[in-house]
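Please work through the following exercises on side-chain packing and pairing in a protein chain. Each task is followed by a solution in steps.

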Amino acid sequence: MRVHVLGSAAGGGFPQWNCNCRMCDGVRRGAIRARPRTQSSIALSANGSDWLLCNASPDILTQLRAFPAAQPARSVRDTGIRALLLIDAQIDHATGLAMLRESPTPWLLWCTDPVHEDLRHGYPLLNLLGHYCGVARRAIPIDGSGFEIDTVPGLSFTALALRSNAPPYSPHRDRPLPGDNIGVLVESQANGRRLFYAPGLGEMEPHVWSAMTRADVVMVDGTCWRDDELIALGVSKKRARDMGHLAQDGAGGMLEWLQKLPDSTRKILIHINNTNPVLDEDGAEHARLRASGIELAFDGMEIDL
């Protein structure tokens, strides 16, 4: 299985267009050593030709231009993207669908029922696409049963409902339903190796931890370093947990959980907010990650499983 990180930042990217926090200002001025990042999305393939796009960020066109495998150029209009999967209906994970409207055929779109509902009514993006290429929607089961995607052969999938939060426009914001946010366990049918992918993870539940312990690579929520990070900077009144994200630092934080995994498990943080001090590659927080054997996803990162 090949995993290609198209984008690794949280909503707004890094640097965020209107932010002058230490991280954003520092990377613009060259005062800190940090990589700019686009909004989070990954692509998966078993054969290197047929790709599944997991989330479609607003930066999708820039991301695809930087990813040659997405354009095999076999005909006048072509793409290596054979299907789309959404882990939630957040703007930073779904808006890119509108940028893909030129498809000559409907997109094969896998999503849960709550995500489908939100993208039909709360943020009617799928209705808009109906005036262009349209979508052929497939329901993602969240009862623990596995599924396969015919157009992306060689991979098996199991979705896990996560405790996170619904988008701000959703009628169930702050009252999330099972399936508003999922993690995905992806297995290579060729060698049995597994990836666990969950860019939005608000709480470590037993079934989530079980999936992580069975994975060879875990790529999980890296949004905020501290739960009160945005409050401390004066840019929001919300904690990370209010937005559906488990902070890295502190008791019960993501770092503590990841350190419980075997050394053989590759541990990667993705969906990193522009305010997160781990982005400073010379900073103390980044050093703690390295010392713990935890990596930071970056745009263009390649993983072979």
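The exercises below concern a predicted model, and they treat aromatic pairs, charges over rings, helix faces, nonpolar cores and salt bridges in turn.

**Exercise 1. Aromatic pairs**

Task: Classify the ring pairs Trp51 with Phe67 and Trp110 with Phe147, and place each pair in the chain.

Solution:

1. A pair of aromatic rings is described by the distance of the centres and the angle of the planes. Planes under 30 degrees apart count as stacked, and those over 60 as edge-to-face.
2. The count of aromatic pairs comes to five. For Trp51 and Phe67, the ring centres are 5.0 Å apart and the planes stand at 85°, so this pair is edge-to-face.
3. Trp51 belongs to strand 3 (residues 51-54), and Phe67 to the loop between helix 2 (60-65) and strand 4 (81-85); the pair therefore ties together parts that are 16 residues apart in sequence. Trp51 and Phe67 are both buried.
4. For Trp110 and Phe147, the ring centres are 5.0 Å apart and the planes are at 15°, so this pair is stacked.
5. The pair links distant parts of the chain, 37 residues apart: Trp110 is in strand 5 (residues 107-111), and Phe147 is in the loop between strand 6 (135-139) and strand 7 (155-161).
6. Buried means under 20% relative accessible area. Trp110, with a relative accessible area of 11%, is buried, and Phe147 is buried with a relative accessible area of 9%.
7. Ring pairs join Trp110, Phe147 and Phe157 into a cluster.

**Exercise 2. Charges over rings**

Task: State which ring lies under Arg101 and which ring lies under the charged end of Lys260.

Solution:

1. Arg101 lies over the face of Tyr132, at 5.8 Å from the ring centre.
2. The charged end of Lys260 is placed over the ring of Trp257, 4.2 Å from its centre.

**Exercise 3. Helix faces and nonpolar cores**

Task: Determine how the buried residues of helix 6 are arranged around its axis, and which residues have the most contacts inside the largest nonpolar core.

Solution:

1. Val208, Trp209, Ala211 and Met212 are buried in helix 6 (residues 206-213).
2. Viewed down the axis of helix 6, the buried residues fall within an arc of 160°, so they line one face of the helix.
3. The packing partners of these buried residues are strand 7, strand 8 (182-188), strand 9 (194-198), strand 10 (217-221) and helix 8 (254-258).
4. The largest nonpolar core has 36 residues, and those with the most contacts inside it are Phe196, Met212, Val220 and Leu258.
5. At least two residues of this core are supplied by each of helix 1 (22-29), strand 9, helix 6, strand 10, helix 8 and strand 12 (294-296). Helix 6 gives the largest share, four residues.
6. Neighbours within four places in sequence left aside, Met212 is in contact with Phe196, Met204, Val218, Val220, Leu258 and Leu261.
7. Another core, of 32 residues, lies apart from this one; among its residues are Val3, Leu44, Ile87 and Val184.
8. Helix 1 can be treated in the same manner. Met23, Cys24, Gly26 and Val27 are buried in helix 1. Down its axis, the buried residues of helix 1 fall within an arc of 165°, so they line one face of the helix.
9. Gly30, with a positive phi near 75°, follows helix 1.

**Exercise 4. Salt bridges**

Task: Locate the partners of the salt bridges Arg22 with Asp280, Asp25 with Arg29 and Arg266 with Glu295.

Solution:

1. Side chains of opposite charge can pair when their charged atoms come close. The count of salt bridges comes to 18.
2. Arg22 and Asp280 form a salt bridge through their side chains (3.2 Å, N to O). This pair links distant parts of the chain, 258 residues apart: Arg22 lies in helix 1, and Asp280 in the loop between strand 11 (266-270) and helix 9 (284-291). Asp280 is buried, with a relative accessible area of 9%.
3. Asp25 and Arg29 form a salt bridge (2.8 Å, N to O). Both lie in helix 1, four residues apart, about one turn of the helix. Asp25 counts as partly exposed at 25% relative accessibility, whereas Arg29 counts as exposed at 59%.
4. Arg266 and Glu295 form a salt bridge (2.7 Å, N to O). Arg266 lies in strand 11 and Glu295 in strand 12, so the pair ties together parts that are 29 residues apart in sequence. Arg266 is partly exposed, with a relative accessible area of 29%, and Glu295 counts as partly exposed at 28% relative accessibility.
5. A network of salt bridges links Arg33, Arg35, Glu281 and Asp282.

Definitions and conventions. Residues are numbered from 1 along each chain as its sequence is written. This is a predicted model: local features need pLDDT of at least 70, side-chain atom pairs count only at pLDDT 80 or more; totals for chains, interfaces and linings use all residues. Side-chain values use heavy atoms; hydrogens and water are left out. Rings of Phe, Tyr and Trp (its six-membered ring) pair if their centres lie within 6.5 Å; planes under 30 degrees apart count as stacked, over 60 as edge-to-face and the rest as tilted. Buried means under 20% relative accessible area, exposed over 50%, partly exposed in between (1.4 Å probe, protein chains only). A charge sits over a ring if NZ of Lys or CZ of Arg is within 6 Å of the ring centre and within 35 degrees of the ring normal. The arc is that of the directions from the helix axis to the C-beta atoms. Contact means heavy atoms within 4.5 Å. A nonpolar core is a set of buried Ala, Val, Leu, Ile, Met, Phe, Trp, Tyr and Cys residues joined through side-chain atoms within 4.5 Å. A salt bridge is a side-chain nitrogen of Lys or Arg within 4 Å of a carboxyl oxygen of Asp or Glu.
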